[in-house]
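Dear colleague,

I am passing on to you the structure we spoke about, with its sequence, and below it you will find some notes on what came out of going through it. Please read them with the structure open beside you.

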Amino acid sequence: MFAKPGEAKLYRILVRDLVLKCLIGIHAHELLAPQRVRINVEMAVLEQAGPLSDDIANVVSYEDVIEGIKKMLAEGHINLVETLAEKIAALCLVDERVRLVRVRAEKLDVYAEAASVGIEIERRRD
């Protein structure tokens, strides 16, 4: 969809298939060792007004998002993949330019018969 005259213009920031280890889960064995999670993030971001500038300060940085996720995972155990997804969405929405965020968080090593199990959420700025 293209923006109509006078409407805000959006662009998308993507983080695809970020695989990290973290302490996650409610079962006894999940409390003992980290496991792999795959994280996908898609953000709809308000485009800056005026001419585009080749300056990182004028965009939402995917590097900041990835580093924020790594820091969050290093803080300690998370019980639910749902909680992980909500925390990632909240991290992204800290930047007021982010209008919408979609987060998919998947545990990769739970079932041999499934590539992954997880959740996808979408959160919007009011």
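The residues that line the largest pocket divide into 8 nonpolar, 6 polar and 4 charged, and please keep in mind throughout that this is a predicted model. The space in that pocket comes to about 320 Å³, and of its 18 lining residues, the closest to the centre are G25, H27, E30, K107 and V110. Helix 2 and strand 4 (117-124) are the elements that give two or more residues to this lining.

Turning to the interior, the largest nonpolar core has 29 residues, and those with the most contacts inside it are V41, M43, I69, L84, I88 and V101. At least two residues of this core are supplied by each of strand 1 (10-22), strand 2 (35-46), helix 1 (62-74), helix 2 (81-93) and strand 3 (98-107), while the largest share, 7 residues, comes from helix 2. If you would like one residue to start from, I88 is in contact with I39, V41, I69, M72 and V103, once its neighbours within four places in sequence are left aside.

Finally, a word on the cysteines, for which the count of disulfides comes to 0. C22 is in no disulfide, and the nearest cysteine sulfur to its own is that of C92, 16 Å away; because a disulfide needs the two sulfur atoms within 2.5 Å, that distance is too far for a bond. C22 counts as buried at 3% relative accessibility, and C92 is buried with a relative accessible area of 3%.

With best wishes

Technical notes
Residues numbered from 1 in each chain as written. Predicted model: local features only at pLDDT ≥ 70, side-chain atom pairs only at ≥ 80, totals over all residues. Heavy atoms only, no water. Core = buried A, V, L, I, M, F, W, Y, C linked by side-chain atoms within 4.5 Å. Buried < 20%, exposed > 50% of the residue type's maximum accessible area, 1.4 Å probe, protein only. Helix = DSSP H or I, 4+ residues; strand = E, 2+ residues; numbered from the N terminus. Contact = heavy atoms within 4.5 Å. 1 Å grid on protein atoms, 1.4 Å probe; cavity = no way out; pocket = protein on both sides within 12 Å on 5 of 7 lines; lining within 4 Å. Points joined across faces, edges and corners; volume = space filled by probe spheres on them. Nonpolar A, V, L, I, M, F, W, Y, C, P; charged D, E, K, R; others polar.
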